[in-house]
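Subject: Structure for your review

Dear colleague,

I am passing on the structure we discussed, with my notes set out beneath it. Please read them with the coordinates open beside you.

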Amino acid sequence: IFIDKENHENKTLDELFNYYGSDKANIFSKSNRAGHGFSDFYTKHLNKFIKKKINILEIGSYAGSSAAAFVKYIPDSKVYCFDINISNFEYSSDKIQVFGLDINNKNKVEKKIKQIFEKNKFENFDLIIDDGSHYLSDILFSLNFFFKYLKKNGLFVIEDFKHPDYYKYNRNVEHISVSKVLDNLENKIFFPSRIINQKNQTILMNSINQIYRYKGNLKDSDICFIEKL
C-alpha cells in the first residue's frame with residue numbers, strides 16, 4: 001500500500017497508529033480491542049522532533065504500521081526497518097526502507113548500517129525503537145549493540161521491556177531483568193552479565209541522560225525511553 005499520497009494532516013499520533021493498524025494505539029483497529037496505548041508517551045517525547053529532519057531505526061517492524069504512522073506524524077522523517085521476516089510488510093513509502101535482518105548477526109547488521117549511513121549521508125539515528133522479539137537476550141543485545149548508533153540527545157525506546165518478567169518463554173537467558181539493568185545503569189552500579197560487559201556498562205552509564213518508564217493500557221504494556229547525553 002503506497003502511502004505517500006495520503007493526506008493525514010492534523011491527525012494525532014494515536015489516530016495514525018489506529019489508522020495504519022499499530023497496536024501502539026489506544027484502540028487496536030485490526031481487532032477493535034484495546035491496544036498498548038503508547039501513543040501519549042511517544043507524542044510527549046517526539047515533540048522535539050516534529051519540525052526536524054530525523055532518521056529512525058525500528059527493530060521489529062512486522063507489517064510496517066508504526067513506520068507508516070511515524071513518517072506521517074513527523075513530515076521530514078525517514079524510517080529504516082529491521083525485521084527477521086519482511087514478508088508481512090504492508091506499506092510502501094519513499095520515506096521507509098525495509099531490510100530483512102537477524103539483529104543477532106552483528107557482522108551483517110554493522111555492514112547494513114554502514115551502507116545506510118553512506119547512501120543516505122547521515123551519521124547515527126535520532127530515534128531507535130526496539131519492538132523486536134521481546135526475548136530477554138535480544139532486548140539486552142539491542143541496548144548493548146545499537147545504543148552507540150544513537151545521536152546525542154536522541155532516544156532509545158524499548159517496548160514491552162517487562163515481557164521477560166511476565167512470560168517465561170521470553171526469559172530465555174539467566175540474567176537480571178531489564179528493569180534492574182536500567183536501575184543499575186541509572187545508579188552507576190555494575191552488574192554481572194555475559195551480554196553487556198563491564199566496559200560497555202561504563203559506556204552506557206556515561207552516555208545516558210535520563211530514563212523514562214511508563215505503563216500502558218494492558219497488563220503487559222510497558223515502555224521506556226532512554227535519552228542519550
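In which loop is G21 found? The model is a predicted one, and in it G21 is found in the loop between α1 and β1, the latter being residues 27–28. With a relative accessible area of 7%, G21 is buried, because that value falls under the 20% cut-off. Leaving aside residues up to four places away in sequence, G21 touches F28, S29, K30 and S65. The C-alpha atoms of G21 and N32 are separated by 9.9 Å, the two residues being 11 residues apart along the chain.

A second loop residue that I looked at is S93, which lies between β4 and β5, where β5 covers 96–100. S93 is buried as well, with a relative accessible area of 8%. Its side chain is joined to that of D4 by a polar contact of 2.6 Å, and when residues up to four places away in sequence are not counted, S93 touches F2, I3 and D4.

Turning to the aromatic residues, the count comes to 21 aromatic pairs. One of these is formed by F17 and Y42, whose rings are edge-to-face, at 6.1 Å centre to centre and with 70 degrees between the planes. This pair links distant parts of the chain, since F17 belongs to helix α1 (residues 13–20) and Y42 to helix α2 (residues 39–46), 25 residues apart. F17 is buried, with a relative accessible area of 0%, and Y42 likewise counts as buried at 0% relative accessibility.

Y80 and F122 form an aromatic pair that is tilted, with 5.7 Å centre to centre and 35 degrees between the planes. Because Y80 lies in strand β4 (residues 77–83) while F122 lies in the loop between α4 (106–120) and β6 (125–130), this pair ties together parts that are 42 residues apart in sequence. Both Y80 and F122 are buried. The two residues also belong to a cluster in which ring pairs link Y80, F117, F122, F125, F141, F145, F146 and Y149.

F145, a member of that cluster, has a charged neighbour too: the charged end of K148 sits over the ring of F145, 4.0 Å from its centre. A similar arrangement is found for K11, whose charged end sits over the ring of Y19, 4.5 Å from the ring centre.

Finally, a note on how two of the helices pack. The axes of helix α5 (residues 136–146) and helix α7 (residues 178–187) come within 11 Å and cross at roughly 25 degrees. The crossing angle is under 35 degrees, so α5 and α7 are roughly parallel to each other. On the α5 side the contact is made by L136, I139, L140 and L143, and on the α7 side by V178, V181 and L185. An α-helix has 3.6 residues a turn, so residues three or four places apart point the same way. Helix α5 is mostly covered, 11 of its 11 residues being buried. Among the buried residues of α5 are the polar or charged S137, D138, S142 and N144, and also F141, F145 and F146, the last three of which are members of the aromatic cluster described above.

With best wishes

How values were computed:
Residues numbered from 1 in each chain as written. Predicted model: local features only at pLDDT ≥ 70, side-chain atom pairs only at ≥ 80, totals over all residues. Heavy atoms only, no water. Phe/Tyr/Trp six-rings, centres within 6.5 Å; stacked < 30°, edge-to-face > 60°. Helix = DSSP H or I, 4+ residues; strand = E, 2+ residues; numbered from the N terminus. Buried < 20%, exposed > 50% of the residue type's maximum accessible area, 1.4 Å probe, protein only. Lys NZ or Arg CZ within 6 Å of the ring centre and 35° of its normal. Polar contact = N/O pair within 3.5 Å; in protein donor to acceptor, adjacent residues only side chain to side chain. Contact = heavy atoms within 4.5 Å. Axes fitted to C-alpha atoms, helices over the stretch in contact; angles between N-to-C directions. Parallel < 35°, antiparallel > 145°, perpendicular 65-115°, else oblique.
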